[in-house]
Amino acid sequence: MNFILDYFEKIGFYILYLINELGSLIIYIWNCILSLFRYSINIDNLFDQMVFIGVDSFFIIGLTGLFVGMVLSLQAYYAAKIVGVTYMIGPTVALSMTRELGPVLTALMITARCGSSMASEIGTMKISEQIDALEVMSVDPYYFLSMPRIIASMIMLPILSIVSSLIGILGGYVVYKFFLGLNGTVFVDMIYKYMKLSDIYNGLIKAVVFGIILATISTYKGYEASGGSKGVGRVTTQAVVLSSIYILFADYILTSILF
Amino acid sequence: MIILENIDKSFKGLKVLDNLNISFEDKKITVVIGRSGEGKSVMLKHIVGLIKPDSGRVLFNDIDLNTINKKELNELRKKFGMVFQDGALFDSINIFENIAFPLRQHLKLSEGDIIKKVMSGLNDVGLSGIELKMPSELSGGMRKRVAVARAMILEPEIVLFDEPTTGLDPIMSDVINNLIISTQKQLKYTGIIISHDIEGAYKTADIIAMLYKGAIIETGSAEKFKKSDNPVVKQFVTGSMVGPIVI
Ligand SMILES: Nc1ncnc2c1ncn2[C@@H]1O[C@H](COP(=O)(O)OP(=O)(O)OP(=O)(O)O)[C@@H](O)[C@H]1O
Ligand SMILES: [Mg+2]
């Protein structure tokens, strides 16, 4: 019996922990927003971050999108073949990519690639007193470090998400036409028939929200670093795990609101 | 005038500052000495509000740091320059940009003026020619000197030095001590220096204060310290193993 109770206790603690985190996170976001009113955004840093999050991630995002689109096409084929609706593979791939997988996969990949580095970079600055040094120089770290990352992430995520979706649909098309040997025109025509503009921009809204979530949590976690390299490692892990959880959670909420 | 009044500070049950009282006179150099781990760095961070006291007040020209908001605190901090114990250089930008950083943030200077100022600052600490290196490529002592140059670049009213000469060779220590003295004469800043280096303290200080067991046990001129009857002070300045300080 006891181990079951222990188990529930653990779940309870974890939920309390998430709520607690949410509380401090809201305070953090408030501070970041305040910093926006006090100073104008640091353009140099914003630009650096846009390159880091966006341009440098194109390849990896494209690659993920490509494989996911190809797999989707293949999987959809096995199901569609049974009921004889293979012409629906195109819309299946396209809608899955734009509404769901494009934004979510992009967000998870960027969390792994950039969120982790935001947390560890700020974490290292924190433990080596560089954040203190910024503060003594009257430079608000929220303005100088957090906002450029959050805004860059917010701008770049939808762009990356589009790239991912487009390449995914392309991958799906390639599998459809060349590996499965079906009629490519049907693939495209059916997408035009079944996809609405709202599918695309709702996907983009998701990407914007995910971008804000991942950068906010990752930078916020950085400031929590204490101790030594182990402390930086710990907050980096937490940043990636928490961002991913909140992204998936937000995905559910947004899907139920938007579609 | 900066006054620390009845400051208490503990970390996880460890009492570091215990009813600490000290005042720092304007345009004078005060050197605070004390053993390693006594809380000197903690005390210094209280002055700029990086650490908040558990109880007690930090007063800057009669303004209580605890009663002002963040914006006012930032305004106030513009009067300060600070050398952190480990330098706290920004490790993602080179030495030039590190020293230029405060200039770029707070003054609108032409690039030419920035270069001139940074180069002369580097020259003062004996480090001409390293401006394109990254902080990780420097020795500990070099980083310390870059930190000194960065802290002084805005010619602040108050400069806090956390062990500016620790880790430097004796000659370089003297160069830094002399730099502190000469710039102080010239710019008339209030200097607060943390140090274990008793000879250096005699040389640079207008006033010396000794921190022991979380409180200031003696303040006064170098002469007063040399002749002090306090057995703790005596043991510290003579660097003896024998005495009331338990090791
Ligand atoms: N952020 C912190 N968290 C927990 N303990 C701390 C923290 N900062 C300082 N301490 C503790 O406070 C005490 C005083 O530290 P401090 O760095 O002020 O010493 P110090 O006098 O500057 O020593 P040193 O001359 O070696 O630099 C130490 O015991 C240290 O462990
Ligand atoms: Mg110290």
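Is Gln85(B) buried, partly exposed or exposed? Select Gln85(B) in the viewer: its relative accessibility is 31%, so it counts as partly exposed. The model on display is a predicted one.

**Stop 1: the magnesium ion**

Keep Gln85(B) selected and add ligand 2, the magnesium ion. Two protein atoms coordinate this ion, namely OG of Ser41(B) and OE1 of Gln85(B), at 1.9 to 2.1 Å. Colour chain B by secondary structure next. Ser41(B) belongs to helix H1 (residues 40-47) of chain B, whereas Gln85(B) sits in the loop between strand S6 (80-83) and helix H3 (95-106), so the pair ties together parts that are 44 residues apart in sequence.

**Stop 2: two backbone angles in chain B**

Remain in chain B and select Asn6(B). Although Asn6(B) is not a glycine, its phi is positive, at about 45 degrees. This residue is part of strand S1 (residues 2-11) of chain B. With 38% relative accessibility, Asn6(B) counts as partly exposed.

Move to Lys213(B), which also has a positive phi without being a glycine; here the value is near 50 degrees. Lys213(B) occupies the loop between strand S9 (207-212) and strand S10 (215-220) of chain B. Its relative accessible area is 59%, and Lys213(B) is therefore exposed.

**Stop 3: chain A as a whole**

Hide chain B and display chain A as a cartoon. What does the secondary structure of chain A come to? There are nine helices and zero strands, and the pattern along the sequence reads α-α-α-α-α-α-α-α-α. Taken along the principal axes, the C-alpha atoms fill a box of roughly 65 × 60 × 30 Å. Chain A has 259 residues, of which 47% count as buried. Among its contacts with a separation of 6 or more, 85% come from residues 24 or more positions apart.

**Stop 4: helix H4 against helix H9**

Select residues 89-127 of chain A, which form helix H4, together with residues 229-258, which form helix H9. A packed pair of helices is described by the angle between the axes and the distance between them. For H4(A) and H9(A), the axes come within 8 Å and cross at roughly 150 degrees. An angle over 145 degrees counts as roughly antiparallel, and H4(A) and H9(A) are therefore roughly antiparallel to each other. H4(A) passes H9(A) in a right-handed crossing.

Show side chains to inspect the contact. On the H4(A) side, the participating residues include Glu100(A), Val104(A), Leu108(A), Ser120(A) and Ile127(A). On the H9(A) side, they include Ser229(A), Val232(A), Val240(A), Leu248(A) and Asp251(A). By class, the contact of H4(A) with H9(A) has 11 nonpolar, 10 polar and two charged residues.

**Stop 5: helix H4 against helix H7**

Retain H4(A) and replace H9(A) with helix H7, residues 184-194 of chain A. At what angle do the axes of H4(A) and H7(A) cross? They cross at roughly 60 degrees and come within 7 Å. H4(A) and H7(A) are therefore oblique to each other, and their crossing is right-handed.

The residues contributed by H4(A) are Ile89(A), Gly90(A), Pro91(A), Val93(A), Ala94(A) and Leu95(A), which meet Phe187(A), Met190(A), Ile191(A) and Tyr194(A) in H7(A). This contact of H4(A) with H7(A) divides into nine nonpolar, one polar and no charged residues.

Zoom in on Gly90(A), which lies in helix H4. Its relative accessible area is 0%, and Gly90(A) is therefore buried. Leaving aside neighbours within four places in sequence, Gly90(A) is in contact with Phe187(A) and Ile191(A). Add Leu72(A) for a distance check: 18 residues along the chain separate it from Gly90(A), and their C-alpha atoms are 9.8 Å apart.

**Stop 6: Thr106(A)**

Follow helix H4 to Thr106(A). Is Thr106(A) buried or exposed? With 1% relative accessibility, Thr106(A) counts as buried. Residues up to four places away in sequence not being counted, Thr106(A) touches several residues, including Ile61(A), Leu157(A), Leu160(A) and Ser164(A).

**Stop 7: Cys32(A)**

Finish with Cys32(A), placed in helix H1 (residues 2-38) of chain A. Cys32(A) has a relative accessible area of 2% and is therefore buried. Not counting residues up to four places away in sequence, Cys32(A) touches Tyr142(A), Ser146(A), Met147(A) and Ile150(A). Lastly, select Phe3(A): 29 residues separate it in sequence from Cys32(A), and the C-alpha to C-alpha separation is 43 Å.

Terms used: Residues numbered from 1 in each chain as written. Chains lettered and ligands numbered in written order. Predicted model: local features only at pLDDT ≥ 70, side-chain atom pairs only at ≥ 80, totals over all residues. Heavy atoms only, no water. Axes fitted to C-alpha atoms, helices over the stretch in contact; angles between N-to-C directions. Helix = DSSP H or I, 4+ residues; strand = E, 2+ residues; numbered from the N terminus. Parallel < 35°, antiparallel > 145°, perpendicular 65-115°, else oblique. Left-handed = near helix turned anticlockwise from the far one by under 90°. Contact = heavy atoms within 4.5 Å. Nonpolar A, V, L, I, M, F, W, Y, C, P; charged D, E, K, R; others polar. Donors = N, O, S within 2.8 Å, 3.2 Å for Na, K, Ca; no water. Buried < 20%, exposed > 50% of the residue type's maximum accessible area, 1.4 Å probe, protein only.
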